[in-house]
Amino acid sequence: MTRTNHREDGDGTDVPPHLRNLHRRTYPMRTLGMGLAVLPVLVVLHELDTGWPAWAWTLFCSLVWPHVAWLRARHSRVPYRAELTNFMIDSAMAASLAPIMHFNLLPSAMLVTLATADKINAGVRGLWSRSLLGMLVAILVTSVLTGFQLDIATSTPVLLACLPLMVIHTLAVSVTSYRLVRKVQKQNLRLDDLSRHDALTGLLSRGHWQEQATTLLVAGAPASLLLVDVDLFKSINDHHGHATGDDVLRGIADAIRAAVPDGSHAGRLGGDEFAVAVPLALTDSRHVAEDIRARVEALQLDDAPVQCSVSIGMAEPPLAGTGLRAWMESADRALYRAKAAGRNRIQAATPDSLPA
Ligand SMILES: Nc1nc2c(ncn2[C@@H]2O[C@H](COP(=O)(O)OP(=O)(O)OP(=O)(O)O)[C@@H](O)[C@H]2O)c(=O)[nH]1
């Protein structure tokens, strides 16, 4: 079974995580939008000298409905689903006011446009197109009920009454969108950071380390690769527990950070293996490797008496034209020899440890 980030709600509705609180987000905007929309409609009704049912309907849609919608969603077993229905009712109500106003052009166009824009802003796929259908039905039904009368000219008082909705609602929506965009930008930065760094140690992640090491490699300047592997790490885990093992990995990452010179790229390849690309020739980077080895040997944890060490394989960039893979293979062979020679030591690549 595929695992998704969605949560199965009480009746099996699959609710996307970012829409679980849709009704909370919508309530203030609905109250504001519908509340301001009442002004031009009332002015038009006054100009048309409409009867009380139209007034009552308008006041209900504008002043009562937003709170009814909130209560409906709040007390529903699946608020998200109730809110989707609320959205459709919103649109139908907004559209129903157009025939009641005899299609007075500016307020009718404004109501239909804002109702559609609200559905688009909700971020629910296909909601706006469904709501268009709902509006069409509402316009047809209300037109039949009111006798389909056309009186599209917009007077100055109606125009003035439209201004609060146009200005305040538009600005409020813009502020909400601005906050959302800022939030998404921050989350993107965080995601970017997470993908570039190893969550446990804070060193570069494998993929990002490979990019950085390749950059150093193609620059053609002196460089060395240090592959650092924890000795008998499995037994540390077995004897002291996984949490202590994690502390050891963090401690080793700190040791690497403290030992490497500027311009180096240190990453965790996975498990108990680290890699450092150092911008120094092999002979000059030997003291860096020794510093790492000595720091790890001296490492002490607060919570457990753990003695640990690392083996390090070092290699220069292979022949021109070969890539990071060959460089890593060369250092890996040297590392293998360091392990075979008894661990807690450094081994530089020799011609026979270069890949064939
Ligand atoms: N605590 C902890 N352990 C991990 C993590 N990732 C991998 N390991 C463990 O690291 C151990 C690596 O063990 P091995 O590959 O057998 O190597 P080793 O015991 O270090 O032996 P040598 O490399 O031969 O010295 C395994 O037991 C893994 O379960 C991690 O993120 N945290």
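Me: Strands are DSSP runs of E, at least two residues long, and are numbered from the N terminus. In which strand of this predicted model is S311 found?

Reply: Strand β6 covers residues 310-315. S311 is found in strand β6.

Me: Is S311 buried or exposed?

Reply: A residue counts as buried if 20 or more other C-beta atoms lie within 10 Å of its own. S311 has 24 such atoms within 10 Å, so its class is buried.

Me: How far apart in space are S311 and I346, C-alpha to C-alpha?

Reply: In sequence, S311 and I346 are 35 residues apart. I346 belongs to β7, which covers residues 346-348, and β7 pairs with β6 in the parallel sense. The C-alpha distance in space between S311 and I346 is 5.9 Å.

Me: Which residue of β6 is the bridge partner of D229?

Reply: β3 spans residues 224-230, and it pairs with β6 in the antiparallel sense over six bridges. Leaving aside residues up to four places away in sequence, S311 touches several residues, including D229, D231 and L335. D229 has as its bridge partner in β6 the residue S311.

Me: In what order do the strands of the open sheet stand?

Reply: Strands of a sheet pair through backbone hydrogen bonds, either parallel or antiparallel. Here β3 pairs with β5 (residues 273-278) in the antiparallel sense over six bridges, while β6 and β7 pair in the parallel sense over three bridges. The pairing in this sheet of five strands is mixed, and the order is β4-β5-β3-β6-β7.

Me: Which strands stand at the edges of that sheet?

Reply: The order of the five strands is β4-β5-β3-β6-β7. A strand at the edge has a single partner strand, so one side of it is left without a neighbour in the sheet; this applies to β4 (265-270) and β7 (346-348).

Me: By what angle are neighbouring strands of this sheet turned against each other on average?

Reply: The sheet is open and has five strands. With direction ignored, the average turn between neighbouring strands is 20°.

Me: Which helix packs on the sheet and touches β3, β6 and β7?

Reply: The helix covers residues 324-340, and its direction makes about 140° with that of β6. L335, A338 and K339 are among the residues that S311 of β6 touches. The helix is α11.

Me: How many residues of β3 are buried?

Reply: In a regular strand the side chains alternate between the two faces of the sheet. On one side of β3, S224, L226, V228 and V230 are buried, and on the other side L225, L227 and D229 are buried too. β3 is largely enclosed by the rest of the structure because its buried residues number seven of the seven.

Me: Which residue of β6 is the bridge partner of L226?

Reply: Both faces of β6 are covered, with V310, I312 and M314 on one side and S311, G313 and A315 on the other. One of these residues stands opposite A348 in β7. In β6 the bridge partner of L226 is M314.

Me: In which loop is the place of R343?

Reply: R343 has a positive phi of about 70° although it is not a glycine. With 14 C-beta neighbours inside 10 Å, R343 counts as partly exposed. Its place is in the loop between α11 and β7.

Me: What is the phi of F103?

Reply: F103 lies in the loop between α3 (79-100) and α4 (105-122). With 18 other C-beta atoms within 10 Å, F103 is partly exposed. Although F103 is not a glycine, its phi is positive, at about 60°.

Me: Which helix gives the most to the shell around the ligand?

Reply: There are 16 residues around the ligand, and D231, F233, K234, G245 and G271 come nearest. They divide into five nonpolar, four polar and seven charged. At least two residues each come from β3, α8 (233-240) and α9 (242-259). With four residues, the helix that gives the most is α9.

Me: How far apart are the end C-alpha atoms of residues 158-181?

Reply: An unreviewed UniProt entry annotates "transmembrane region" over several stretches, including 132-152 and 158-181. Over residues 132-152 the chain is 71% helix, and the end C-alpha atoms are 21 Å apart. Over residues 158-181 the chain is 100% helix, and the distance between the end C-alpha atoms is 34 Å.

How values were computed:
Residues numbered from 1 in each chain as written. Predicted model: local features only at pLDDT ≥ 70, side-chain atom pairs only at ≥ 80, totals over all residues. Pairing = 2+ DSSP bridges. Axes fitted to C-alpha atoms, helices over the stretch in contact; angles between N-to-C directions. Contact = placed C-beta atoms within 7 Å. Near = placed C-beta within 6 Å. Nonpolar A, V, L, I, M, F, W, Y, C, P; charged D, E, K, R; others polar. UniProt positions renumbered as here; feature names shortened; annotations may be inferred. Buried ≥ 20, exposed ≤ 12 C-beta atoms within 10 Å, placed from the backbone.
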